[in-house]
Structure formats: C-alpha cells, structure tokens
Amino acid sequence: EDVTRFWVRMLRPDVWPQQHVGGTLPNDMVAFGHYVHTQVGKPYPCWGVANTSERAKFCDPMTGSSGYGFPDILAAIQRVGLQASFKTSSLSIYPDGTAALDFGIVDHNFNDNPMQIFAMVGSKKQKQKQLRFVNGQPQLLLRSGSWVPTWGYILEDKYEACVQHHLRWIRSSATCRCSNLCCSDCFLFPLPTQKTLKKCPHGLVYAYGMDDPNYVSRCLQENVFTWNTSHSESHHSFNTYLWKALQQSPCSTKFRSQAHWFFAVQDFFSLRCRSRLLKMLRAAPEWEQLTSSHVVFVWSGGLSTAEWKQGIAVHSADDSLRSPVQVTARDDGTSTTLIYKSWGTKGLTSPYWYTAPLTSPVNKSRSILVAGAWSNSRGDNDTMKFRTSLSDALMSTSRGKWIDTTVTKYRHWGSEAVTAMYQDADFCVVVPGSSPSSRRLSTCILAGSIPVMCSDKFVPPFPFLRWDAFSLRVPESACIRTVQSLQQEPKEKELLLLKRELAEVQPYFNMRLEPESQIRLVEALLESLHAVSKQ
C-alpha cells in the first residue's frame, strides 16, 4: 500500500516529466528504485549488477540505467515532500550467510550466486542451487553445509513448467531432497529428532565407509592394531578408537543429508584402503560442494591428507609435516597416482589412545619435580642438539629425571618405567619433534603430570580447552631456562591450581572402551571443529 501510494503521487506530471516517458519507462524497477533512494538518501547507491562488482558503490550523479533513478525526479520528489515509509533491507541472503528475516529468505534466481554463498552443482555454464523440502518448507543449501529456509522464490523461464512438482511437495508437507531444481524426483530422508539436535548442537557426523561392510571388514577391523609394548602409547591407533566411538555416538548418522560434518577416517598403512576411501570421497557430491565441512583423520608417516581444498585435517600426534608426497597405489590391479599433503588450510591434532590407568594429579605426593622421556637421536640436527641440552638440564639436579627412549637391538626401554616416572612427577616436558603435536602429551595428562610444552609449532588437541589453566607453553628458546627454574621448589598454591584444572580435563584423554568415554570423545571433536571453523 505504501509503494502504491508513493507511485501514484510520483507518476503525476509535476514529479515525473514527459521526457522520462517512452519505451519501457516508467517501469517497475526504475519506479521502485526511486522509492528506495528516498529512504536511503545521498550518496545514492547503485542497484543491480553494479552492486556486486568491483565498480564504484555509489552512482551519484546517477542515470536511470546505472542506478534506477533520475536526478531531476529525485529532486522533484524531495520538493513535494514525498517519502517512503519503509527502510530497505535484503529479502535474500547477506554475505555472511545469514537471513535478514528469521523465517528465511527470498531467492530470485536459482542459477545466480554472485556472493558465492550457495553450494552449486552442475557444469560451469549450468550451475544451479540445491533444494530440499522439510515438512513442505523449501530450503537451499549453503557452502557452509547448513540449509536456509526459503519462504519465497521465482520459477521463471525453463523452471516455469516445474511449478506443479514444487507445489506437490509443499502441499504434502514432504521431507525430501530434490534430485534437481525442477524436483520431479524428491528423495525422502529422516530428520534428526529434537532430542538428538539438543545433544549435538554442532551438527551430526557422517563417516565415509560406515555403511560399506566390505570397507569396514577390510580396512578398519577391530583387531587390526595391537598394543605396542615398545612404546608408552598405543601407536597409530586413535583412528581405530574413533571408528568404534562413532558407532556409539548419538551425533553419528548414516544419512549424508542429515550431516553437517563429514569424517574421512583413513587407514594408516594400506594404500588399497586409502585409495578406496579416496574413491568414496570423489564419488560423493558433498566432497566438492561442502569441502569445508569435511574432516580427514590421518596417520601415515607423511603420506596423509589427500589433496583437497579448504577442509580440516586432524593429524595424529606422530604425523610428520612433510608436503607434498607422491605415492602410487594399486587398486584392483590398476596403478593410480595420488597426491598427498600433510597439512590442510585449517588443522587440528588428535590425542593419543593411551591405555595406562588414569592417575589423579591431586592428593598424591610426588618425588620428582620435572620429568621427560625421549630419544636424543630423533629429528634433524638442531632438534637433536636441543633435546640433548634439555635432557642434560633435567639430569642436572636430583629433582629432575629423564629416560632415554632410543630403541636399539642392544637396549629396549619399557613403557611401565616411563608411566611410573610421569606418575611420580609434578611436571612433564613435551619436546618438539617432526610433528605438530606429541604422543607423550596424552601420557603426561593421564599420569596426572602438568605438561610443559617446549615447542614453537605445537598444535594442541581440543582447542576449546583452556590450555593455559592446566599446562605451560614455553618457547623453545626459553625451555631450558624454564625447566631449570621448575626444578626449584614451586609455589604450592599455583601448583595446586594447575593440578585441579588438569584433573578436570583428564576425562577427555581417558579413552576407554565404555560407551560413555567414546561418546565424550566424539562430542569433544565436534566442539573442537566448531571452535576451529570459527577462526
């Protein structure tokens, strides 16, 4: 009614002169441009294509072709006191992916994606948005992986003939995903319950291969990995634990249409399994359309993350940072070259599946102030020199202790000795190596020993935790000095605060086979992904 009132007055000859009558003028777009301009005021913005290009944002002085407005008409509107009653806003979607109205957006062109917000499918010249219906409500898929309600849209040109299909799903209150925008075929999918959504506020997880019995039996068997008695940690086994945990978690789904996150849990040693997983990824439309929602869990000694775009790589604490590496995999007798890189655009590290019993950091008297266990023959020359100097510093007083974990054919060290040492130490030194994290971090935490992380490139697991509340992060240049100072008597009050906070986070690293522990791990991973995706 307000637009009609405005136009009736604007189209009188004293405001809209005869020189602007003819051809398509006055038309709806130019007339509405004047309505909007009176509310926005000077400098008048450009409308249409000019607003999404690199050209100037303002079209003042304007012409009817550039800004949908004429200077003389705008001046006449001001002279007669004509004013629009409503401010302009977008009925479509904002650049950050949010809607102007809480009940959704209006979409005007299924093939248009100037702000690169929507997840498009199809060839370069015929890309289109993806549509689904939830209880009859149309929704469009965003590149972020979420769906935005769409309360109005235009079926024009080639889509006009599709209106009956769309009305069918709306009238029947269907919950289904369209095979294409015409939506003659709409595939049903179950919606997660409100109870599940409450338990999983950061979305559900789909794990590739979970619904493929052949892949599960060949590549992720329960008995593939055994306890390695030469290490204080269960070597290379976090992915196996995660695979079992996903089967227990209420945040796991077998329906890709329900998922916000897509997990690719890589086999560690088998190139055949790794190649099979990569084929699954490439066959899934979500791999291209929702890359940033994909999470690859890797361990392969440098042959890790398949080359991709903006996804998230979660690296084992023992994974090297070498990149790129080229390998040849044989799958069904065919030689295929795969490219791997070991660090994604965004990265996380996983904790280690460590099976020693949890020891409380409080209410226990400890005879060692600072302890460490590592080999001085690991890493490059600078790393070996640093480790050697640090071990000398630890052994320089009676309150420090170091165990040499170098394994040779003449001497083996026992994991029980390392565990016992950490359980008797207030502080545990985590040294730098060739990876962004360390296996011994989980060992220290479960032993109740406060981690002292001496690494400039350390990437901790679970970034939502307040690491500064229960651990010390020290630059490599200051590590030896810090270790020496810690071997003096620490302040009891500060030490107790660190130990209490450490006790609070221990359950996140205590990965038992009970469902409660497995469910907690998946929830912690989702919380971590939510945190890193917001950075």
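At what angle do α8 and α17 pack, and how far apart are their axes? In this predicted model, the angle between α8 and α17 is about 100°, and their axes are 8 Å apart. Angles of 65 to 115 degrees count as roughly perpendicular, and α8 and α17 are therefore roughly perpendicular to each other.

**The chain as a whole**

The chain has 535 residues, of which 50% count as buried. Its secondary structure consists of 17 helices and 21 strands. Among contacts between residues at least 6 apart in sequence, 64% join residues at least 24 apart.

**Helices α8 and α17**

On the α8 side, the contact with α17 involves Phe238, Tyr241, Leu242, Lys244, Ala245, Leu246 and Gln248. On the α17 side, the residues are Pro515, Ser517, Gln518, Ile519, Leu521, Val522 and Leu525. Sorted by class, this contact has ten nonpolar, three polar and one charged residues.

Helix α8 covers residues 238–248, and eight of its eleven residues are buried, so α8 is largely enclosed by the rest of the structure. The buried residues of α8 are Phe238, Asn239, Thr240, Tyr241, Leu242, Trp243, Ala245 and Leu246.

**The nonpolar cores**

In soluble globular proteins, nonpolar side chains tend to be buried together. The largest nonpolar core here has 93 residues, and the members that touch the most others are Leu246, Phe263, Phe297, Tyr422, Val429 and Leu521. Helix α17 (residues 515–533) gives seven residues, the largest share of this core. Both domain 2 (194–316) and domain 3 (369–517) contribute residues to the core, so it lies between them.

Which residues does Leu521 touch, not counting those up to four places away in sequence? They are Phe238, Tyr241, Leu242, Ala245, Phe462 and Met511. Another core, of 21 residues, lies apart from the largest one; Ile93, Met120, Leu131 and Ala174 are among its members.

**Helices α1 and α2**

A second helix pair is formed by α1 (residues 2–10) and α2 (residues 28–40), which pack at an angle of about 105° with their axes 11 Å apart. Helices α1 and α2 are therefore roughly perpendicular to each other. From α1, the contact uses Asp2, Val3, Phe6, Trp7 and Met10. From α2, Asp28, Ala31, Phe32, His34, Tyr35 and Thr38 take part. By class, the contact of α1 with α2 has seven nonpolar, two polar and two charged residues.

The loop between α1 and α2 contains Pro26. A cis peptide bond joins Leu25 to Pro26, with omega about -5°. Most residues other than glycine have a negative phi, and most peptide bonds are trans.

**Two residues with positive phi**

Asn135 and Phe462 are set out below.

| Residue | Phi | Place | Relative accessibility |
|---|---|---|---|
| Asn135 | near 55° | loop between β4 (131–134) and β5 (137–141) | 53%, exposed |
| Phe462 | near 50° | loop between β20 (450–454) and α14 (467–470) | 2%, buried |

The phi of Asn135 is a positive value in a residue other than glycine. Phe462 likewise is a residue other than glycine with a positive phi. Is Asn135 buried or exposed? Asn135 is exposed, with a relative accessible area of 53%, whereas Phe462, at 2% relative accessibility, counts as buried. Phe462 also appears among the residues that Leu521 touches.

**Contacts between distant parts of the chain**

Ala76 is located in helix α4 (residues 71–79). At 4% relative accessibility, Ala76 counts as buried. Between Ala76 and Met10 there are 66 places in sequence, while their C-alpha atoms are 8.7 Å apart. Met10 is also one of the α1 residues in the contact with α2. Apart from neighbours within four places in sequence, Ala76 is in contact with Asp14 and Val15.

Gln423 belongs to helix α12 (residues 415–423). The C-alpha atom of Gln423 is 9.7 Å from that of Ser367, a residue 56 residues away along the chain. Leaving aside neighbours within four places in sequence, Gln423 is in contact with Pro357, Thr359, Lys364, Arg366 and Ala447.

Definitions and conventions
Residues numbered from 1 in each chain as written. Predicted model: local features only at pLDDT ≥ 70, side-chain atom pairs only at ≥ 80, totals over all residues. Heavy atoms only, no water. Core = buried A, V, L, I, M, F, W, Y, C linked by side-chain atoms within 4.5 Å. Buried < 20%, exposed > 50% of the residue type's maximum accessible area, 1.4 Å probe, protein only. Helix = DSSP H or I, 4+ residues; strand = E, 2+ residues; numbered from the N terminus. Domains from an automatic or database assignment. Contact = heavy atoms within 4.5 Å. Axes fitted to C-alpha atoms, helices over the stretch in contact; angles between N-to-C directions. Parallel < 35°, antiparallel > 145°, perpendicular 65-115°, else oblique. Nonpolar A, V, L, I, M, F, W, Y, C, P; charged D, E, K, R; others polar.
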